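Student: Could you walk me through this structure? I'd like to go from one residue to the helix packing and then to the overall dimensions.

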Amino acid sequence: MILNYIWIAFLLLAFLTCLGTTVVTGDTAIWSDVMNASFTQAKFAFEISLGLTGVLALWLGIMKIGERAGVTGAFARMTSPLFSRLFPGIPSGHPALGAIFMNISANMLGLDNAATPMGLKAMQEMQTLNPRKDTATDAMIMFLVLNASGLCLIPISIMMYRAQGGAACPTDVFIPILLATAIATLCGLVALCIRQRIRFDRVLVSWLAGIALTVAAVVWFFASLPADRMQTYSSFLANFMLFSVIILFIGAGLRKRINIYDTFIEGAKEGFRTAVLIIPYLVAILVAIGMLRASGALEIFTGWVETAVSAAGIDSGWVGALPTMLMKPLSGSGSCAMMLDVMNAEGADAFVSKLAACVRGSTDTTFYILAVYFGSVGVARTRYASGYALLCDLIGAVSAVCIAYIFF
């Protein structure tokens, strides 16, 4: 229901901005720009779905092998002390818990292409427990907010973009990003636990403390590495672990004497069907976002904020990263474009460029996640999922600004 209102609001705001621009400046070309953006975004949505088809087929095939071989069940049992408290509506040992673990692990390693199929698999498994198929369960909302908060231990892509942009030290944003995304995730998790009346017992508190210590250990390890090796080591670690998971699944399948190839094909077929299913949802949200962006509404709002901040006597150095902040919940490619635009205009080593990189890495793309994950299982009533996901976005953005001022 909330997505319905948000989608309508995007379109109305784009229309009113175009109308105001035409009345005030006489610019009539903006209407063509907005409509062209709608066509471009519709095509882009289809291309994303098409690109996801192969990835979904691959990873849902791998996941099917892991499921048949009992590996995902083992992961579910391993994380049961934590997940049984965060997802009390999912029975112990259910395949959904294993898929959730795999998705969160892939996200933490910065492996977006692997994380999305695993997340869709988790949603499909949770949907089998859902008594009201069109309404999100508490477990689904918890899972979506964890994804939207975007805890990522190794932000490989952002460091790569900074290297391509000519940054003197592309990895200097690594620790600020990790701290910002950890704060967003832990705050969002605690807030949602309170909303869902999940009790903070000794086990849950211990797990949360363990996550915080893991983040601290990663910070310490990578901070001790030479700057020129940090990106190389992080990329190696992420891809080594991912390939190891594939080999683990295949090895377990051989041990259980299952037909690995046929099992993979069965899962791959599910991936193809899922890719087709999410096309309408992607078209809807990406078209609305594209029209809003083309209307100039975001730029107008940014200008107002900069004027207000300067008038209040507050340092406005962070305002240049505001377009990245506003675009991040709406579009991953859009926020990436905003970050690259700042880097191109100000230089990769400028404060605002480093801040934009921190903001982009602090959380994930909320509306894309909501559209794809809920759309894949036909959930229309998302309840309070978007509100808490956007809360994570806000906390992540504020944390990124504060941490960037401390570090840079």
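**A residue, some helices and the whole chain**

Tutor: Gly-332 lies in helix 16, which covers residues 332-346, and please keep in mind throughout that this is a predicted model.

Student: What does Gly-332 touch, leaving out residues up to four places away in sequence?

Tutor: With those sequence neighbours set aside, Gly-332 touches Arg-360 and Thr-365.

Student: And how far is Gly-332 from Thr-232?

Tutor: Their C-alpha atoms are separated by 24 Å, while along the chain Gly-332 and Thr-232 are 100 residues apart.

Student: Switching to packing, how do helix 2 and helix 12 cross?

Tutor: The axes of helix 2 (residues 29-69) and helix 12 (residues 260-277) come within 6 Å and cross at roughly 140°, and helix 2 and helix 12 are therefore oblique to each other. As for handedness, helix 2 passes helix 12 in a right-handed crossing.

Student: Which residues meet there, between helix 2 and helix 12?

Tutor: On the helix 2 side they include Ser-49, Leu-56, Lys-64 and Arg-68, and the helix 12 residues they meet include Ile-260, Phe-264, Glu-270 and Ala-275. Sorted by class, the contact of helix 2 with helix 12 has eleven nonpolar, seven polar and four charged residues.

Student: What about helix 17 and helix 19, at what angle do they pack?

Tutor: Helix 17 (residues 351-362) and helix 19 (residues 385-407) pack at an angle of about 145°, with their axes 9 Å apart, and the crossing of these two helices is right-handed. Phe-351, Leu-355, Cys-358, Val-359 and Ser-362 of helix 17 make the contact with Gly-396, Ala-397, Ala-400, Val-401, Ala-404 and Tyr-405 of helix 19.

Student: How do the residues of that contact of helix 17 with helix 19 divide by class?

Tutor: They divide into nine nonpolar and two polar residues, with no charged residue in the contact of helix 17 with helix 19.

Student: Different topic: how far does helix 9 reach?

Tutor: Helix 9 (residues 174-195) has 22 residues and reaches 32 Å from its first C-alpha to its last, close to the 32 Å expected at 1.5 Å a residue. Just after helix 9, Arg-197 takes a positive phi of about 55°.

Student: Zooming out, how many helices and strands does the protein chain have?

Tutor: The protein chain has 19 helices and zero strands. Its radius of gyration is 21 Å, close to the 22 Å that the globule rule gives for 408 residues, so the protein chain is as compact as a globular protein of that length.

Student: And what does the C-alpha trace span along its principal axes?

Tutor: Along those axes the C-alpha trace of the protein chain spans about 70 × 45 × 40 Å.

Definitions and conventions: Residues numbered from 1 in each chain as written. Predicted model: local features only at pLDDT ≥ 70, side-chain atom pairs only at ≥ 80, totals over all residues. Heavy atoms only, no water. Axes fitted to C-alpha atoms, helices over the stretch in contact; angles between N-to-C directions. Helix = DSSP H or I, 4+ residues; strand = E, 2+ residues; numbered from the N terminus. Parallel < 35°, antiparallel > 145°, perpendicular 65-115°, else oblique. Left-handed = near helix turned anticlockwise from the far one by under 90°. Contact = heavy atoms within 4.5 Å. Nonpolar A, V, L, I, M, F, W, Y, C, P; charged D, E, K, R; others polar. Expected span 1.5 Å × (residues − 1). Rg over C-alpha atoms; globule rule 2.2 N^0.38 Å.
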